[in-house]
Amino acid sequence: MQNDRLNNLPYLIKKRKSLRNNGTSAEATLWLALKGKQLDGRKFRRQHSIANYILDFYCPSEKINIELDGAHHFTEKGTEQDKIRDEFLNGLGIQVIRIENKEVFENMENVLEMIKCCFKK
């Protein structure tokens, strides 16, 4: 399957829209810092899908996926699902950055610095 055929598959449109409209407060807060090319001029997309996965934030030019993780990600099942997902995305050349929700509220400056450090120079 070609990479362009993996992006934003039609059957996920409603789910993506629902996730955008009903996101977590951590997602809303981080989005305020990422939208409109505010972070070093990089464009980010919210709830962008690749294959069967919906990514919280995706920067196509850098091939970076930022995932904000809540409590369910720290369960045995959540950790295993994240590992499978991350391996799939890494196989497409997409770097996955996982950030715990509370970090967005407690240390936004460090969160943004961590993201910027992953940008190609």
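In what order do the elements of the protein chain run, starting from the N terminus? They run α-α-β-β-β-α-β-α-α, and that adds up to 5 helices and 4 strands in the protein chain. Please keep in mind throughout that what we have in front of us is a predicted model, so let me begin with the confidence before I turn to the fold.

The mean pLDDT of the protein chain is 89, and 93% of its residues reach 70 or more. Confidence is lowest in helix H1, where the mean is 79, and it is highest in helix H5, at 97. I will mention both of these helices again when we come to what surrounds H2.

As for the overall dimensions, the C-alpha trace spans about 40 × 35 × 25 Å along its principal axes. For 121 residues, a compact globule would have a radius of gyration near 14 Å, and since the protein chain has 14 Å, the two agree. Of those 121 residues, 40% count as buried, and the accessible surface of the chain comes to about 7300 Å², of which carbon and sulfur atoms hold 51%. If we take the contacts with a separation of 6 or more, 61% of them are made by residues 24 or more positions apart.

Let me now go to the interior. The largest nonpolar core has 20 residues, and the ones with the most contacts inside it are Leu30, Leu34, Phe44, Ile66 and Ile115. Two or more residues each are given to this core by helix H2, which covers 25-34, by the strands E2 (53-59), E3 (64-69) and E4 (95-100), and by helix H5, which covers 108-117. The largest share comes from H2, with 5 residues. There is also a second, separate core of 8 residues, and among its members are Leu6, Ala51, Tyr58 and Val96.

Which residues does Ile115 contact, once its neighbours within four places in sequence are left aside? They are Leu39, Phe44, Ile64, Ile66, Ile97 and Ile99, and Phe44 and Ile66 are also named among the residues with the most contacts inside the largest core.

Since H2 gives the largest share of that core, it deserves a closer look. Its buried residues are Ala26, Glu27, Leu30, Trp31, Ala33 and Leu34. Seen down the helix axis, these buried residues fall within an arc of 160°, and they therefore line one face of H2. What covers them includes helix H1 (13-21), strand E1 (45-50), strands E2 and E3, helix H4 (101-106) and helix H5. After H2 comes Gly36, with a positive phi near 65°.

The loop between H2 and E1 holds two further residues that I would like to point out. One is Lys35, which is partly exposed, with a relative accessible area of 36%; its C-alpha atom is separated by 8.8 Å from that of Arg46, 11 residues apart along the chain. The other is Asp40, where phi is near 50°, a positive value in a residue that is not glycine. Asp40 has 48% relative accessibility and so counts as partly exposed.

A positive phi also appears at Lys63, at about 55°, although this residue is not a glycine. Lys63 sits in the loop between E2 and E3, and with a relative accessible area of 27% it is partly exposed.

To finish, let me set out two residues that lie in strands. Is Ser49 buried or exposed? Ser49, which is found in strand E1, has 0% relative accessibility and therefore counts as buried. Not counting residues up to four places away in sequence, Ser49 touches Leu6, Asn7, Asn8, Leu9, Leu12, Arg16 and Ile54, and Leu6 is one of the residues of the second core.

Glu100, on the other hand, lies in strand E4 and is partly exposed, with a relative accessible area of 33%. Its C-alpha atom is 15 Å from that of Trp31, with the two positions 69 residues apart along the chain as the separation is counted, and Trp31 is one of the buried residues of H2.

Conventions
Residues numbered from 1 in each chain as written. Predicted model: local features only at pLDDT ≥ 70, side-chain atom pairs only at ≥ 80, totals over all residues. Heavy atoms only, no water. Core = buried A, V, L, I, M, F, W, Y, C linked by side-chain atoms within 4.5 Å. Buried < 20%, exposed > 50% of the residue type's maximum accessible area, 1.4 Å probe, protein only. Contact = heavy atoms within 4.5 Å. Arc of directions from axis to C-beta. Rg over C-alpha atoms; globule rule 2.2 N^0.38 Å. Areas by Shrake-Rupley, 256 points an atom, 1.4 Å probe, with all protein chains shown as cover. pLDDT = per-residue confidence, 0-100.
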